Amino acid sequence: MRLGIRGYHYVKTAYEDGQVIFTIRQKREDLRCAACGSGRVIRRGFEVRRFRGLPIGSRPVQIVLEVARVGCADCHTVRQVPIDFADPRRSYSHPFERYVLELSQCMTIQDVAAHLHVGWDVVKDI
Ligand SMILES: [Zn+2]
């Protein structure tokens, strides 16, 4: 799969309004505490999040992931697990970010935004 994302498991592909939606998930044993890195964690729910992935041709790609919230047996914090392929505060993946940076070397912000079907502000932000 051409997602540029390792350590997650592919679940399914769906097509929605011309977009490709990949659902991925993290294995239970890969969950760890965002505060101390401990693997001794207990699931305490999740939040479904979507991230921009690398487009396939001209088709935008979204990556859907249930980001688990876990309670840590070692440091006793309850937090969302870290995300390996994206900044937790952002709605796009690192591969998407790198692609935008590459395109920006030869295209204007407006052209990059139009090409990737994202807002001008997203490109500017990257
Ligand atoms: Zn911890």
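The paragraphs below lead through this predicted model, from its overall layout to its strands, its nonpolar cores and one of its helices.

The protein chain has 126 residues, of which 21% count as buried, and its secondary structure comes to three helices and five strands. Read from the N terminus, the elements follow the order β-β-β-β-β-α-α-α. Taken along the principal axes, the C-alpha atoms fill a box of roughly 50 × 30 × 20 Å. Among contacts between residues at least 6 apart in sequence, 56% join residues at least 24 apart.

A good place to begin is with the strands. Strand S1, residues 9–16, runs antiparallel to S2 and is joined to it by seven bridges; within this pairing, tyrosine 10 stands opposite isoleucine 24 of S2. The two strands form a hairpin with two residues between them, and in that turn aspartate 17 has a positive phi of about 50 degrees. Strand S2 also pairs with strand S4, residues 59–72, here in the parallel sense and over five bridges, and one residue to look for in this pairing is threonine 23, whose bridge partner in S4 is valine 64.

Strand S4 pairs in turn with S3, in the antiparallel sense and over twelve bridges, with arginine 43 and valine 70 of S4 as bridge partners. S3 and S4 likewise form a hairpin with two residues between them, where glycine 57 in the turn has a positive phi of about 60 degrees.

Between strand S2 (19–25) and S3 there is a loop, and lysine 27 has its place there. Lysine 27 counts as exposed because it has 9 C-beta neighbours inside 10 Å, where 12 or fewer is the limit for that class. Although lysine 27 and glycine 7 are 20 residues apart in sequence, their C-alpha atoms are 8.5 Å apart in space.

The strands and helices also meet in the interior. The largest nonpolar core has 17 residues, and the members that touch the most others are Ile24, Ile63 and Val100; S2, S4, H1 and H2 are the elements that give two or more residues to this core. Leaving aside neighbours within four places in sequence, isoleucine 24 is in contact with Ile5, Tyr8, His9, Tyr10, Val11, Ile63 and Leu65, so that tyrosine 10, which stands opposite isoleucine 24 across the strand pairing, appears again among these contacts. Apart from this core lies another, of five residues, among them Cys33, Val41, Val70 and Cys72; Val70 has already been met as the bridge partner of arginine 43.

Helix H1 shows how a helix can have two sides. In H1, which spans residues 94–104, Pro95, Phe96, Tyr99 and Val100 are buried. Seen down the helix axis, these buried residues fall within an arc of 140 degrees, and therefore they line one face of H1. An α-helix has 3.6 residues a turn, so residues three or four places apart point the same way. The face of H1 turned away from the buried side carries the exposed residues Leu101 and Glu102. What covers the buried residues of H1 includes strand S3 (41–56), helix H2 (109–116) and helix H3 (120–125). Val100 thus belongs to two parts of this account, as a buried residue of H1 and as one of the members of the largest nonpolar core that touch the most others.

How values were computed. Residues are numbered from 1 along each chain as its sequence is written. This is a predicted model: local features need pLDDT of at least 70, side-chain atom pairs count only at pLDDT 80 or more; totals for chains, interfaces and linings use all residues. A residue is buried if 20 or more other C-beta atoms lie within 10 Å of its own, exposed if 12 or fewer, and partly exposed in between; C-beta atoms are placed from the backbone. Helices (H or I, at least four residues) and strands (E, at least two) are DSSP runs, numbered from the N terminus. The arc is that of the directions from the helix axis to the C-beta atoms. Two residues are in contact if their C-beta atoms, placed from the backbone, lie within 7 Å. Two strands pair if DSSP finds at least two bridges between them. A nonpolar core is a set of buried Ala, Val, Leu, Ile, Met, Phe, Trp, Tyr and Cys residues joined through C-beta atoms within 7 Å.
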